[in-house]
Amino acid sequence: MAIKFPLTCLWVTLLATGITSAALAASAPSTADNSASGYNQPPKNILDVMRAPSPPVPVVSPTHDRMLLVSWQDYPSISRVAAPFLRLAGVRVEPKNHSKHDTPGGYGITPCASSFELVHIASGAQTHIALPADACPNRPLWSADGKRFAFENVTANAVELWIGDASSGAIHRVPGAHLNPMLEDQMQWMPDQKTLLVKLVPSRMGPPPPEPAIPAGPSIQESGGGKGQSSTYENRDTLGNRHDEDLFDYYAASQLALVDANSLAITPVGAAGRYESLAAAPDGRHLLVTSIRKPYSYVTTFDRFPHEVEIWDLSKRQNIAVHHVASLPLADRVPIGGVALGPRDFSWRATEPATLIWAEALDGGDWKTEVPARDKLMLLKAPFNTAALEITRTEQRYAGISWTEQAGLALMHQYDRNRHWRRSFLIDADDPQQKPRLLWDLSTDEKYANPGTPVKRQLPNGAWVLRQDGDSIFLSGAGASPDGDRPFLDKLDLKTLKSERLFRSDKTSYEQFLGFAGADAHSFLTWRQSVIDPPNAFLRTIGAPLDAAAGEAAFASSSAAITHIPDPTPVVREIKKRLVKYKRDDGLDLSFTLYTPPGYREGQRVPTILYAYPLDYADASKAGQTTGSQETFTRLRQYRLLLLAGYAIIDNAAFPIVGDPKKAYDSYMEQLVGDAKAAVDEAVRLGVADPDRIGVTGHSHGALMTANLLAHSDLFRAGVATSGSYNKTLTPFGFQNEQRSVWDAQDVYLKVSPFFFADKMKTPLLIVHGADDANPGTTPLQASKLYEAIRGNGGTTRLVLLPHEPHWYSAMESNQQLVYEMLRWFDTYVKNAPPRAPDARQPSSAGVFLQKS
């Protein structure tokens with residue numbers, strides 16, 4: 001049952017002088033005002049869609065003979081979201097059950113799964129898995145042999161461990177296994193696939209350290225010189241005093257243990273400690289263990305605390321042998337976008353029993369430094385009693401390695417932050433003298449020519465390798481094209497570097513590769529959906545060769561449905577959508593998806609809302625590439641729900657900010673307004689948008705966009721900004737891809753901050769924010785100060801602070817309130833807005849006037 005809050009307890013009633021609550025209520029009679037409970041609701045037709053179940057998602061076993069269909073709870077109750085939590089060095093932990101309160105960075109409560117269905121792929125037979133009453137399970141984790149799956153279940157007092165049988169669907173709770181997910185890596189299958197390695201809450205811990213009645217002393221921080229740009233972390237989620245340190249020690253402590261999946265017996269491993277990451281070597285004997293040690297920092301999160309990196313030998317459980325790998329010092333002065341000094345990015349070589357790989361910076365961890373090589377890649381083999389061997393050096397930052405099934409052969413990736421560029425090389429780890437062979441060399445913003453992601457398979461010991469067929473690997477990608485995404489499956493010959501297309505989604509659906517269905521590559525699983533068909537699993541079989549056009553599949557394939565998931569919201573199928581392509585004034589190609597409401601008649605002008613999220617590009621040719629698909633199953637969330645109230649939606653309008661990454665934001669405002677004007681002009685030209693009734697909304701960086709468009713253009717009648725950052729001087733060491741500090745580019749920081757243009761914001765702006773937002777740069781203070789600035793300058797505004805919500809809003813009550821607020825605001829100032837005077841206009845930041853569309 002949801003917690004009820006009296007209206008006076010909610011921070012949702014701050015109104016500007018330009019509008020009264022009575023006027024809002026009079027102009028929006030369709031919304032239900034539940035002021036007795038403190039939360040409001042949108043109309044019933046919108047509520048019905050919000051409350052409908054979502055289509056499940058597939059979790060396929062590594063052996064691809066079974067899958068779990070997992071249905072998720074879209075919106076938990078406010079009672080769950082409001083559970084008390086502690087802020088401990090970047091982690092939010094609920095003290096009652098040791099669970100993590102939300103995702104890293106405060107992006108939202110991890111949703112509970114509402115049901116599991118076990119599907120036998122060959123027959124399509126389904127088995128319902130009987131979850132415990134009031135269960136809150138997380139995503140299940142398959143064993144590599146496909147015989148079992150494990151999952152966590154969050155209860156009021158503990159995070160339980162459950163194990164399921166893939167043949168019968170029977171599940172069992174492991175008695176006494178209370179997981180500690182605070183620092184993650186709390187559950188993984190060991191290489192024997194019969195045992196789980198877990199982090200448990202230590203037994204006999206006693207109560208947590210009490211807060212001292214009298215402070216032991218002041219909280220002190222000191223800097224002895226040298227740059228420390230990590231201060232952009234949000235201070236309220238970092239440690240603040242000695243008591244916070246004690247609480248961190250208490251809740252971060254875990255006991256490593258092995259759980260037998262057959263007997264459910266628990267065997268402790270080693271002593272309790274503050275263990276962060278764990279990784280078992282393919283041999284099942286060696287374990288990479290990273291633990292946190294003191295001194296702590298009050299300006300950074302736990303991942304920058306000092307660490308010990310060790311290899312444990314588990315062959316003698318009672319007397320674990322330890323090999324010391326590295327002692328990593330406090331890393332609280334890492335340059336923005338840089339990396340810490342010393343060994344990092346540890347991983348085991350998948351094709352050897354126990355060979356450790358890691359990278360080390362050669363440029364001081366600072367991407368601004370000009371050096372011939374940024375990183376070196378190191379290798380250390382068991383028994384770890386010799387010096388590490390350098391495999392290769394990377395010209396740019398090391399970005400990971402993927403091992404093939406062939407001994408020594410691996411795919412190694414690099415990333416150039418300055419150019420938005422990535423390169424991938426084939427390397428022979430057993431022959432460091434052999435020069436790496438370049439495989440891919442392209443912009444990270446490239447979509448049309450993106451080769452896709454190598455398909456992996458899990459070895460019997462659980463290690464992941466690139467799936468091979470002779471000298472070939474397989475690539476699965478989104479298949480971006482000027483007409484939208486069409487997912488594909490390719491086969492790439494590593495000797496000739498030539499590829500052939502095995503499958504490509506047709507133009508009337510959106511069909512993604514899930515995995516191969518057997519030992520060979522002739523049949524595979526897909527997840528198919530269309531505008532009118534909900535997502536379902538299909539089995540495809542590759543047939544005869546075709547005389548195919550460029551980019552199309554070179555082989556015929558047949559398909560058969562495995563699942564038959566029904567449409568949970570048939571009313572949404574009345575909504576139409578289409579891809580719209582157009583150009584910015586400077587000739588840059590742009591696009592958006594245009595949604596029209598149920599019952600829309602062609603040529604009818606209706607009130608319209610634009611949604612966008614600006615993205616930074618180093619290359620104009622990449623900025624105009626189309627992404628997304630108009631063939632996906634339409635689902636409505638947040639602002640899209642207003643389609644059911646008669647609005648058209650200009651959705652995901654392309655808003656590129658193009659330029660040298662070192663100074664792209666010099667022209668941010670001009671490009672922002674140009675992007676908006678191009679989208680609005682096109683929607684008006686199509687005969688859908690009424691130029692006198694257009695609103696704009698955006699979230700996070702899109703909220704900054706929204707406020708700036710109201711301050712610097714007259715294109716919109718009203719705006720809704722959610723969880724934004726409006727004064728960039730409060731994030732002085734950079735934002736988005738802006739790499740300069742406020743001291744390097746003070747004019748840029750002021751220019752992009754709508755707070756400093758609040759006196760020009762006469763267009764109504766609704767500001768919504770999560771009261772517990774932990775995202776760096778978007779603290780609730782940002783919303784409160786912009787509200788005060790607009791109000792103080794006589795503007796029309798409203799501030800809604802959603803209790804207990806982080807950066808993204810989780811609770812059903814909060815999301816209902818959000819839609820209610822958006823609908824009232826846009827109904828008042830967009831749908832029912834009077835025509836504007838012919839000469840109404842506002843000056844732009846460049847000093848020119850933007851005429852009404």
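A disulfide is counted here when a pair of cysteine sulfur atoms lies within 2.5 Å. In this predicted model, one disulfide is found by that rule. Its members are Cys112 and Cys136, with their sulfur atoms 1.8 Å apart. The torsion about the S-S bond of Cys112 and Cys136 is about -75°, and the disulfide is therefore left-handed. This pair links distant parts of the chain, 24 residues apart: Cys112 belongs to the loop between β6 (99-100) and β7 (113-120), whereas Cys136 belongs to the loop between β8 (126-129) and β9 (141-142). Cys112 and Cys136 are both buried.

The confidence of the prediction should be kept in view. The protein chain has a mean pLDDT of 89, and 92% of its residues reach 70 or more. Two stretches call for separate mention. Over residues 1-36 the pLDDT stays under 50, and the model has 80 contacts beyond four places in sequence for them. Residues 230-235 also keep a pLDDT under 50, with 21 contacts beyond four places in sequence in the model.

Strand β9, which follows the loop that holds Cys136, leads into a sheet. This open sheet consists of four strands in the order β9-β10-β11-β12, with antiparallel pairing. At its edges stand β9 and β12 (171-178), each with a single partner strand, so one side of each is left without a neighbour in the sheet. The partner of β9 is β10 (residues 148-154), joined to β9 by two bridges and running antiparallel. Leu141 has Ala150 in β10 as its bridge partner.

Further along the chain, a loop between β15 (254-260) and β16 (266-273) contains Ala265. Because its relative accessible area is 38%, Ala265 counts as partly exposed. When residues up to four places away in sequence are set aside, Ala265 touches Leu258, Val259 and Asp260. Pro212 is separated from Ala265 by 53 residues in sequence and by 40 Å in space, C-alpha to C-alpha.

Parallel pairing appears at strand β42 (residues 606-612), which is joined by five bridges to β46 (residues 689-699). Within this pairing, Thr608 has Ile694 of β46 as its bridge partner. Strand β42 also pairs in the parallel sense with β44 (residues 648-653), over four bridges. Here Leu610 has Ile650 of β44 as its bridge partner. Seven of the seven residues of β42 are buried, so this strand is largely enclosed by the rest of the structure.

The helices offer another kind of arrangement. Two packed helices are described by the angle between their axes and the distance between the axes. For helix α6 (residues 668-685) and helix α7 (residues 701-712), the axes come within 10 Å and cross at roughly 85°. Angles of 65 to 115 degrees count as roughly perpendicular, so α6 is roughly perpendicular to α7. On the α6 side, the residues in contact are Tyr668, Met669, Leu672, Val673 and Ala676, which meet Leu704, Met705, Asn708, Leu709 and His712 in α7.

A final position to examine is Ser814, located in helix α10 (residues 812-831). Its relative accessibility is 0%, so Ser814 counts as buried. Leaving out residues up to four places away in sequence, Ser814 touches Tyr39, Ile78, Leu802 and Glu805.

How values were computed: Residues numbered from 1 in each chain as written. Predicted model: local features only at pLDDT ≥ 70, side-chain atom pairs only at ≥ 80, totals over all residues. Heavy atoms only, no water. Buried < 20%, exposed > 50% of the residue type's maximum accessible area, 1.4 Å probe, protein only. pLDDT = per-residue confidence, 0-100. Contact = heavy atoms within 4.5 Å. Pairing = 2+ DSSP bridges. Axes fitted to C-alpha atoms, helices over the stretch in contact; angles between N-to-C directions. Parallel < 35°, antiparallel > 145°, perpendicular 65-115°, else oblique.
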